[in-house]
Amino acid sequence: MNSPGVPPAKVARLAERVRHVLSRLHQRSAPPPAAMLEVILGAWVSQAVAVAAELRVADELAHGPLAIEELARRVGADPDALGRLLRALIGEGIFTQRRDGRYALNALAETLRRDAPVSVAGMARFVGSPEHREHWSHLIDAVRTGDAVVPALRGKPAFEYLHGESTLSEIFNDAMTSMSELAIAPVVAAYDFTAYPTIVDVGGGHGRLLAAILGAAPAARGVLYDLPPVVAGAPALLAEHGVVDRVRIESGSFFDSAPPGGDLYVLKSIIHDWPDEQAAQILGNVRAAGGTGATLVLVEPVIPLHRRAFPGKWTDLEMLVNLAARERTADEYATLLQRAGFRMTRVVPTASPLSLVEGKAI
């Protein structure tokens with residue numbers, strides 16, 4: 001399946017290999033201590049990006065270039081300190097400064113606008129939040145024990161803690177929404193959904209992915225399944241995308257059950273949130289609902305066997321720190337699916353870091 005603006009997965013992988021080679025050449029062009037220091041200071045770059053996103057610098061510059069005094073006034077910052085922040089970010093290729101001294105957006109800075117077509121501002125704010133930084137400061141504890149650090153720090157599991165922190169929860173939801181939007185086009189382009197009359201999105205939130213799938217499969221009908229407070233916000237989004245009349249909304253927990261009668265069950269960014277025991281329980285409930293012959297598609301990063309950089313290797317550590325969960329290799333998914341009553345049939349790569357892990361109920 002082709003989608004405008006989405007390259008074939010093979011082209012995306014080739015681009016990744018080229019970037020890997022160039023990155024290694026860049027590293028080898030400097031003495032090892034200098035190259036290593038550059039890697040270490042990446043934490044500072046990430047935090048500076050988070051500050052720019054929190055201050056809404058890109059949102060203000062979306063209206064046009066601004067002098068530092070006016071920009072600082074609009075975002076509520078000290079002009080000298082803001083100029084120093086932007087000077088550092090410009091050195092990383094984020095934002096630009098014109099000859100007349102005014103600051104402006106460039107391609108990377110555009111992604112920090114909160115109203116950008118695909119915004120990463122929410123993710124920048126979440127990763128840079130004091131709470132998230134504190135969790136990652138205990139990565140060594142997670143590595144030593146294999147346990148999540150959040151329960152020990154916060155006295156409750158990660159999701160429970162997050163739900164009790166309204167501001168952090170809002171930032172997290174914004175981050176997850178933007179990351180989901182980034183993945184939708186590659187996922188829909190990579191897989192033929194037209195073969196399935198009834199498509200069930202388990203843990204599907206407000207239904208953004210399901211709406212895109214139904215847009216690509218006009219003869220299909222959908223079932224959206226998530227917790228009651230979550231699906232309460234779904235009708236407006238489904239109506240916005242013109243599929244509300246083709247979707248049945250059901251509420252519940254995937255730890256208890258899943259809607260019966262689906263031909264295809266889609267779970268996006270669900271299974272990586274859970275250790276094997278709970279993941280198998282979720283998949284077992286889907287197996288019971290779908291029955292023999294039903295198709296399962298998990299939308300997750302699948303850890304490749306190569307030794308190049310891959311975002312899933314870092315989200316794997318995020319899962320460890322917060323949830324004692326994990327990203328998985330194809331072999332690990334095959335084992336997990338078999339445990340839950342599925343046979344893994346293939347892994348479909350996309351132009352994004354996500355893949356589609358397909359299985360058949362046996």
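## Cores, a helix and a pocket in a predicted model

The largest nonpolar core has 29 residues, and those with the most contacts inside it are Phe 193, Ile 199, Val 266 and Leu 356. A nonpolar core is here a set of buried Ala, Val, Leu, Ile, Met, Phe, Trp, Tyr and Cys residues joined through side-chain atoms within 4.5 Å, where buried means under 20% relative accessible area, exposed over 50%, and partly exposed in between, for a 1.4 Å probe and protein chains only. Two or more residues each come to this core from α13 (166-190), α14 (208-216), α16 (234-240), β6 (264-268), β7 and β10, and α14 gives the most, with 6 residues. Helices (H or I, at least four residues) and strands (E, at least two) are DSSP runs, numbered from the N terminus.

The model is predicted, so that local features need pLDDT of at least 70 and side-chain atom pairs count only at pLDDT 80 or more, while totals for chains, interfaces and linings use all residues. Residues are numbered from 1 along each chain as its sequence is written, and side-chain values use heavy atoms, with hydrogens and water left out.

Not counting residues up to four places away in sequence, Phe 193 touches Val 187, Val 188, Ile 199, Ile 213, Ala 217, Leu 264, Val 266 and Leu 356, contact meaning heavy atoms within 4.5 Å. Apart from this core lies another, of 28 residues, among them Val 202, Ile 271, Val 357 and Ala 361.

In helix α5 (residues 68-75), the buried residues are Ile 68, Leu 71, Ala 72 and Val 75. Seen down the axis of α5, these residues fall within an arc of 100 degrees, so they line one face of the helix; the arc is that of the directions from the helix axis to the C-beta atoms. On the other side of α5, Glu 69 and Arg 73 are exposed. The buried residues of α5 pack against α3 (42-55), α4 (57-61), α6 (79-91) and β2 (103-104). Just after α5, Gly 76 takes a positive phi of about 75 degrees.

Most residues other than glycine have a negative phi. Two residues that are not glycine and have a positive phi are set out below.

| Residue | Phi | Loop | Relative accessibility |
|---|---|---|---|
| Arg 56 | about 65 degrees | between α3 and α4 | 40%, partly exposed |
| Ala 324 | about 55 degrees | between α18 (311-323) and β8 (328-329) | 29%, partly exposed |
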